[in-house]
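Reader: Could you walk me through this one? I'd like to go through it piece by piece.

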Amino acid sequence: MSKIILHLDLDAFFCRAEEIKNPSLEGKPFIVGGDGRKGIVSTCSYKAREYGIHSGMPTFQAKMLCKNILILPGDYHYYSLLSKEFINYLKRYSKKIQQMSIDECFLDLTEYYEKSGKKITEILKKIQNELFEKYKLKVSIGVGTTKFIAKMASDYKKPMGITIIRNRDIPKMLFPLPVKSFFGIGKKTVPKLNQLGIYTIGDLYNHCLNDLNEVNDVVGKFSADIINELEGKSSDEVSTEFIEPKSIGMSRTLDYDTNNREVILEMLEFQIDNVVDSMIEQQMLTKTIYLVYKDAACDNDFKEKSFSHSLNNYTDNKELIRKETISLFNKTYDGKVIRLIGFTLKNLKEKENTVVQMTFEDFAKHEENSKSFIIMNELNRVYNKPIFKKLSDLEK
Ligand SMILES: [Mg+2]
């Protein structure tokens, strides 16, 4: 039986995220992007698109097209938090989620569909409605038997589109589209295909059947996949690797080369704080701490030294990780002048699949902590600021 693959694509995600933060932006022409001389439009609101503005365009050009355009610098940390909420929400439908970028992913719905006994459109509408009601996010969903078809389907209707393309509907739905809409064919390739008389996706398919070599000369090896893709025979494997990173880390060059322990420790504390938070947000646990120092001794050839330390159990306890890291630092830092320090948590594991070995007391505490953490995150989300912190974090 063929699979049911979803491609979920958040609509004008960065702009939508800004609207969630500041609802007065809704319906206005604005962009997220750089404002300097070399600034580029990263995402534009649907209103801005009416002026002919599109992403990738230099910001000065956008200003010429729309004098009153608002330019927002982008808050990528906040966007990535929203993105995680999006992915975490989807996990209730399937563990097979392949995140392709901050605002899009594939999801294998086959098992859920079979078990639920619901209609496919009912499930899709529920996902779309819940993402809007709970998170205020707007999503377009495409469905196909392969990742390629699902991706093409999510592009078919936006924003807030739901498009199902059955294999038998491919010729009817995709073949009339201009060849530039074929996922994987870039802007520069289009005129070359036009020269071969290929204007639509249907033209491309027929040309591949009749003279694959000619298409091959233009698009390269990729041409061999085109027929399979358009017959619904390409990959339907949703790999989960992207969203389960094996490590999370951070390395920073110090403001100046130094062997001042206080300065280095301050930087390390900053890294611990951020990296552990990020791991907790991703609902992961760690078992290995990794430190790296870069010597400032030689001009070109900076020597790097790294050390790791394994913990007894998987954990996301910040205080414990902090203590163990400082102790690793005290054991391994040799007092030499360094230029950079890096801190990484390795050997990560998804939290819900992990059996945490705890004593009974630990367990009660763990439950309490995770409950308050969830409530805290909810509140911070309402205010869009980390106003609420755990007491243990404040007392430091
Ligand atoms: Mg998008």
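Reader: Start with the sheet: how many bridges join β2 to strand β3, and which residue is the bridge partner of V32 in β3?

Author: Keep in mind as we go that this is a predicted model. Strand β2 covers residues 30-33 and β3 covers residues 41-44; the two run antiparallel, joined by three bridges. Within β3, V32 pairs with T43.

Reader: And T43 itself, is that buried or exposed?

Author: T43 sits in strand β3. Leaving out residues up to four places away in sequence, T43 touches A12, F13, F14, C15, I31, V32, R49 and S55. Its relative accessibility is 11%, and the cut-off for buried is under 20%, so T43 counts as buried.

Reader: What about β4: how does it run relative to β2, and which residue there is the bridge partner of F30?

Author: β4 spans residues 70-72 and is joined to β2 by three bridges, with the two strands running parallel. The partner of F30 in β4 is L70.

Reader: Which residues of β2 are buried on each side?

Author: Both faces of this strand are covered. One side has F30 and V32, and the other has I31 and G33.

Reader: Now the metal. Which residues coordinate the magnesium ion?

Author: The donors are spaced D-L-x92-D in sequence. That links distant parts of the chain: D9 is in strand β1 (residues 5-10), while D103 is in the loop between β5 (97-101) and β6 (104-108), 94 residues apart. The distances run from 2.2 to 2.4 Å, and the coordinating groups are D9 (OD), L10 (O) and D103 (OD).

Reader: Are D9 and D103 buried or exposed?

Author: The cut-off for buried is under 20% relative accessible area. D9 has 8% and D103 has 17%, so both aspartates are buried.

Reader: Any odd backbone angles? What is phi of A12, and where does A12 lie?

Author: Most residues other than glycine have a negative phi. A12 is not a glycine, yet its phi is positive. A12 is buried, with a relative accessible area of 10%. You'll find A12 in the loop between β1 and α1 (13-21), with a phi of about 40°.

Reader: K136 has a positive phi too; is K136 buried or partly exposed?

Author: K136 lies in the loop between α6 (120-135) and β7 (139-144), and its phi is near 65°. Its relative accessible area is 46%, so K136 is partly exposed.

Reader: Which peptide bond is cis, from K158 to P159 or elsewhere, and what is its omega?

Author: Most peptide bonds are trans. The one from K158 to P159 is cis. P159 falls in the loop between α7 (147-156) and β8 (162-164), and omega of that bond is near -10°.

Reader: On to the helices. How far does α13 reach from its first C-alpha to its last?

Author: Helix α13 covers residues 261-281, which is 21 residues. At 1.5 Å a residue, 30 Å is expected, and the helix comes close to that, reaching 30 Å.

Reader: What does the side chain of N260 do at the start of α13, and which residue with a positive phi follows the helix?

Author: At the start, a side-chain oxygen of N260 comes to within 2.9 Å of the backbone nitrogen of E262. After α13 comes a residue with a positive phi, near 55°: Q283.

Reader: Which residues of α13 are buried?

Author: The buried set includes a glutamine and a serine, Q271 and S278. The rest of the list is I264, M267, L268, I272, V275, V276, M279 and I280.

Reader: Which side chain does R322 contact?

Author: R322 is in helix α14 (residues 318-332). At 18% relative accessibility, R322 counts as buried. Its side chain makes a polar contact, at 2.7 Å, with the side chain of E269.

Reader: Last one: where does pLDDT stay under 50?

Author: Across the chain the average pLDDT is 85, and 86% of the residues score at least 70. One low stretch is residues 354-375, with 12 contacts beyond four places in sequence. Where pLDDT is low, the predicted coordinates should not be read in detail. Besides residues 354-375, pLDDT is below 50 over residues 387-396.

Key: Residues are numbered from 1 along each chain as its sequence is written. This is a predicted model: local features need pLDDT of at least 70, side-chain atom pairs count only at pLDDT 80 or more; totals for chains, interfaces and linings use all residues. Side-chain values use heavy atoms; hydrogens and water are left out. Donors are N, O and S atoms within 2.8 Å of the metal (3.2 Å for Na, K and Ca); water is not among the atoms, so sites may look incomplete. Helices (H or I, at least four residues) and strands (E, at least two) are DSSP runs, numbered from the N terminus. Buried means under 20% relative accessible area, exposed over 50%, partly exposed in between (1.4 Å probe, protein chains only). Two strands pair if DSSP finds at least two bridges between them. The expected span of a helix is 1.5 Å times one less than its number of residues. A polar contact is a pair of N or O atoms within 3.5 Å; within protein, one must be able to donate a hydrogen and the other to accept it, and residues adjacent in sequence count only if both atoms are side-chain atoms. pLDDT is the predictor's confidence in each residue, from 0 to 100. Contact means heavy atoms within 4.5 Å.
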